[in-house]
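Visitor: I'm new to this one and would like a close look at a single part of it. Could you pick one helix and walk me through it and its surroundings?

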Amino acid sequence: MTRPLIGVTTSRRSGWRIFPLVALNVWLAGGRSVRWVAGRDADIAAVDGIIIGGGDDISPDLYGGKLVTSARLDPDRDALERRLVGEAFDHGKPVLGICRGSQMLNVALGGTLHQDAYGLYTASRRVYTILPRKSVHICAETRLGGISGLAPMKINALHSQAVDTLGEGLQVAARDLGGMVQAVERIADPFALGVQWHPEHLFYARRQRAIFRALVTAARARHEHRAQIEDVRREVEMVTE
């Protein structure tokens with residue numbers, strides 16, 4: 001195949017600004033993108049993988065939480081993305097979750113969220129910037145560690161919620177210095193990775209571009225009926241040799 005097609009979900013309000021940046025990262029990784037928003041057609045059969053993008057908070061109705069007054073919700077987007085994650089796994093297609101998308105990946109697999117994450121993780125540094133001003137530790141023996149390396153990573157942060165209990169088949173892949181979960185990943189195929197930060201804004205950093213390359217590699221493997229996680233591992237080895 002030429003370039004795997006990746007469906008990218010965005011906010012109806014701000015997605016027009018973010019989608020070109022995500023699409024650039026996917027293109028640099030060897031793929032191409034189509035934008036999806038609530039209220040329009042989004043067919044999992046038409047793509048090779050999906051990115052659940054950042055944006056509004058996820059409604060606590062999806063995981064039994066309580067509504068906080070600061071939450072900004074989009075129920076239609078919640079329904080779209082929850083459906084797409086489920087359909088992606090039903091069809092064996094890879095998923096990358098970005099910020100809200102990482103949380104949706106967890107919720108769609110039965111996990112829960114901390115709605116006021118910084119209220120609980122008081123030792124976690126709270127920043128709100130697209131610049132890489134926050135440090136995270138990548139967990140050993142994780143897929144993210146293989147993709148981006150185990151050295152401490154500088155990231156950006158625009159979130160208030162974070163993963164609480166893990167969804168089925170997921171493991172923690174990164175935490176910040178205060179212990180808050182910053183990345184989760186699926187243990188088995190199909191490939192799935194959720195990062196709490198916004199790697200699309202950090203396209204100048206090799207370790208961030210590697211995240212998109214892993215998704216595109218997994219999407220190509222799915223299209224060509226190969227094991228996704230194994231292909232990602234081989235791609236990482238080829239790049240680092």
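Guide: Here is a walk along one helix, its two ends, and then a few other spots for context. Keep in mind as we go that this is a predicted model.

Let's get our bearings first. The protein chain has 7 helices and 11 strands. Its C-alpha atoms fill a box of roughly 50 × 40 × 30 Å along the principal axes. For 241 residues, a compact globule would have a radius of gyration near 18 Å, and the 16 Å of this chain agrees with that. Of those 241 residues, 55% count as buried. If you take the contacts between residues at least 6 apart in sequence, 69% of them join residues at least 24 apart.

Now for our helix, α3, which covers residues 100-108. Is it enclosed or open to the outside? Of its 9 residues, 8 are buried, so α3 is largely enclosed by the rest of the structure. The buried ones are R100, G101, S102, Q103, M104, L105, N106 and V107. Here's a handy thing to remember while you trace a helix: an α-helix has 3.6 residues a turn, so residues three or four places apart point the same way.

Let's start just before the helix, at C99. This residue sits in the loop between β4 (95-98) and α3. Most residues other than glycine have a negative phi. C99 goes the other way: its phi is positive, about 55°, although it is not a glycine. What about its exposure? With a relative accessibility of 4%, C99 counts as buried, because the cut-off for that is under 20%.

Step forward and you land on R100, which belongs to helix α3. Its relative accessible area is 1%, so R100 is buried too. And which residues does R100 touch, once those up to four places away in sequence are set aside? The list is G53, G54, G55, D56, D57, I58, R77, D78 and E81. So you can go looking for a run of neighbours from 53 to 58, plus R77, D78 and E81, around this one arginine. For another landmark, find S160: R100 and S160 are 60 residues apart in sequence, with 9.7 Å between their C-alpha atoms.

At the other end, α3 is followed by G110, with a positive phi near 95°. G110 lies in the loop between α3 and β5 (113-114). Buried or exposed? At 59% relative accessibility, G110 counts as exposed. If you want to see how far it is from a distant part of the sequence, pick I229: the two are 119 residues apart in sequence and 22 Å apart in space, C-alpha to C-alpha.

So, to pull the helix together: C99 before it is buried, 8 of the 9 helix residues are buried, and G110 after it is exposed.

A little further along the chain, have a look at Y121, in the loop between α4 (117-120) and β6 (129-138). Leaving aside neighbours within four places in sequence, Y121 is in contact with H114, G178, G179 and M180. Y121 and V181 are 60 residues apart in sequence, and their C-alpha atoms are 10.0 Å apart.

There are some backbone oddities elsewhere to set beside C99. H225 also has a positive phi, about 60°, although it is not a glycine. You'll find H225 in the loop between α6 (206-223) and α7 (228-240). While C99 is buried, H225 is exposed, with a relative accessible area of 72%. Then there's the bond between D189 and P190, a cis peptide bond with omega about 0°. Most peptide bonds are trans. P190 sits in the loop between β10 (181-186) and β11 (192-195).

One last stop is for the aromatic rings, where the count comes to 1 pair. The rings of F203 and Y204 have their centres 6.0 Å apart and their planes at 70°, so the pair is edge-to-face. F203 is partly exposed, at 32% relative accessible area, and Y204 is exposed, at 53%.

Finally, stepping back to the outside, the accessible surface of the chain comes to about 10500 Å², and 53% of it belongs to carbon and sulfur atoms. As for charge, the mean positions of the 31 positive and 26 negative charges are 6 Å apart.

Methods: Residues are numbered from 1 along each chain as its sequence is written. This is a predicted model: local features need pLDDT of at least 70, side-chain atom pairs count only at pLDDT 80 or more; totals for chains, interfaces and linings use all residues. Side-chain values use heavy atoms; hydrogens and water are left out. Helices (H or I, at least four residues) and strands (E, at least two) are DSSP runs, numbered from the N terminus. The radius of gyration is taken over C-alpha atoms; the globule rule is 2.2 Å times the number of residues to the power 0.38. Buried means under 20% relative accessible area, exposed over 50%, partly exposed in between (1.4 Å probe, protein chains only). Contact means heavy atoms within 4.5 Å. Accessible areas come from the Shrake-Rupley method with a 1.4 Å probe; for residues, only the protein chains shown count as cover. Lys and Arg count as positive and Asp and Glu as negative; His and the chain ends are not counted. The place of a charge is taken as NZ of Lys, CZ of Arg, CG of Asp or CD of Glu. Rings of Phe, Tyr and Trp (its six-membered ring) pair if their centres lie within 6.5 Å; planes under 30 degrees apart count as stacked, over 60 as edge-to-face and the rest as tilted.
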